[in-house]
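Hi,

Here is the structure I promised to pass on to you. Have a look at it first, and then read my notes below.

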Amino acid sequence: MTSANGDKMLRVAVLGTGKMGGILVQGFLKAKLLPAENIFATVGHAERAARLSKELGISVTTDNVEAAKQADVILLGVKPLQVADLVKQIQPSLTAGKLLISFAASVKTSAIEDAAQRDIAVIRAMPNTPSMLGAGIAALCRGRFVSDEQLEIAQKIFSTVGRTVVVDEKHMDAVTGLSGSGPAFLYIIIEALAEAGVNVGLPRDIATQLAAQTTYGAARMVLETGSHPALLKDEVTTPAGCTVDGILELEEGGLRVTLIKAVKRATMRAKELAG
Ligand SMILES: NC(=O)c1ccc[n+]([C@@H]2O[C@H](COP(=O)([O-])OP(=O)(O)OC[C@H]3O[C@@H](n4cnc5c(N)ncnc54)[C@H](OP(=O)(O)O)[C@@H]3O)[C@@H](O)[C@H]2O)c1
C-alpha cells in the first residue's frame, strides 16, 4: 500500500500489539497489505517483544518513539487509560503528514489531539476480533485535521481485514457496545445453541459446527440479500411448524430484550473507559 500521493510504500507502526493489535497485524500480513519490513510493532515487555517478533516475523520492540519515527501511519493499541501518555511520549516523532489511528475504546480524537499538542491527523477506529480472518468490521471517525486522503488510507488499511463504515464520533461508543463487544455475545449464543444440540442428542462437534455455520449463514443472508432480518425469519417460520414454537420460547426467555440490554450496558461502559 502506498502513501497518499502514491510515491512510496507506507510504513505502519502498531504501538501496543496485544490481543487486538496482534490480530490486526496478522490480518495485515495475511492480506499482504504491506511487506513485513514496513510494519513496526511495540509492546510493554521486552520478552514478549522477542517472542512476538519471532512469531510474526516483523520488528517488535518496546521503543515507541523509534517505531513512531519510522512510520507514516501510527496505530495506537494500548489500553484506553494509557493512550494520552503514549501520545505525549511519541510527540517528538509526530511530524507533519503523519496519521494517528487509535483503536482504543472510549478515547476521543480531541483527547489525542490535545495530548499531541499539535494539529495532527487523528482517526478513531473500532475494529473487532474477526479481523483475524478478514471477517471483521471497523467503524472509523475522523478528528479535526484529517484529510479525505487520510480517511481513505485508514479505510484501505481496515478493509484488508473486513468491512469498514464511517460514522460520526458521537456513535463510536455505541459501535464499541455492538460490534466491538458483539463477537463475545455471539460466541455465547453459538455455545448455547451447541449445548442445546448436545441436549437433544447430537455429538458435540457436530452440534458446534451446526450452530456456528448456521450463525455464519444467517449473517451472510442479512448482509448479502439486504432483506430485513424479520422477513428472513418469517421465511423459516412455517405456520404451526417447529420454528414458531422455538421462537415463542425465545420471546418468553427475553432473548431479544436481553441482547438489547447487553449492547446498552456495553455502550455505557465504553463511555467510561477513558476515565
Ligand atoms: N480486544 C478487543 O476485542 C478489542 C476490540 C477493539 C478495540 N480494542 C482496544 O484495543 C486496545 C487493546 O486491547 P487488547 O484487548 O488488545 O488488550 P491487551 O491484549 O492487553 O493489549 C495491550 C498491549 O499494550 C501493550 N503495552 C502496554 N503498555 C505499553 C507501552 N507503554 N508501550 C507499548 N505497548 C504497551 C501490552 O504489552 P505487553 O503484552 O508486553 O504487556 C499489550 O501487548 C484497548 O484500548 C481496547 O479498547 C480491543
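Before we get to the strands, one term: a residue is called buried when its relative accessible area is under 20%, and exposed when that value is over 50%. Also keep in mind that this is a predicted model.

Let's start with strand E1, which covers residues 12–15. Val12 and Val14 point one way from E1, while Ala13 and Leu15 point the other way, and all of them are buried. That fits a general pattern: in a regular strand, side chains alternate between the two faces of the sheet. E1 runs parallel to strand E2 (residues 39–42), and four bridges join the two. If you want to find the pairing on screen, look for Ala13, which stands opposite Phe40 in E2.

You can see a similar arrangement in strand E5, residues 99–102. Here Leu99 and Ile101 go one way and Leu100 and Ser102 the other, and again all are buried. The partner strand is E4 (residues 73–76), which runs parallel to E5 and is joined to it by four bridges. Val73 has Leu99 in E5 as its bridge partner.

Now for some empty space. Rolling a probe the size of a water molecule over the atoms shows where such space is left. The second largest pocket has a volume of about 830 Å³. How many residues line it? The lining has 33 residues, and Lys19, Met20, Gly77, Lys79 and Phe103 lie nearest the centre of the pocket. By class, 16 of the lining residues are nonpolar, 15 are polar and two are charged. Helices H1 (19–30), H7 (172–180), H8 (182–199) and H12 (255–272) each supply at least two of them. Both domain 1 (12–172) and domain 2 (180–274) contribute, with at least three residues from each.

A quick word on the cysteines. The structure holds zero disulfides. Is Cys141 buried or exposed? Its relative accessibility is 1%, so Cys141 counts as buried. Cys242 has 68% relative accessibility and therefore counts as exposed.

Last, take a look at Arg144, in the loop between strand E7 (136–142) and helix H6 (148–159). Arg144 has a relative accessible area of 62%, so this residue is exposed. Along the chain, Arg144 and Glu113 are 31 residues apart, and their C-alpha atoms are separated by 8.6 Å.

Have fun clicking around!

Cheers

Notes
Residues numbered from 1 in each chain as written. Predicted model: local features only at pLDDT ≥ 70, side-chain atom pairs only at ≥ 80, totals over all residues. Heavy atoms only, no water. 1 Å grid on protein atoms, 1.4 Å probe; cavity = no way out; pocket = protein on both sides within 12 Å on 5 of 7 lines; lining within 4 Å. Points joined across faces, edges and corners; volume = space filled by probe spheres on them. Nonpolar A, V, L, I, M, F, W, Y, C, P; charged D, E, K, R; others polar. Domains from an automatic or database assignment. Disulfide = S-S within 2.5 Å. Buried < 20%, exposed > 50% of the residue type's maximum accessible area, 1.4 Å probe, protein only. Pairing = 2+ DSSP bridges.
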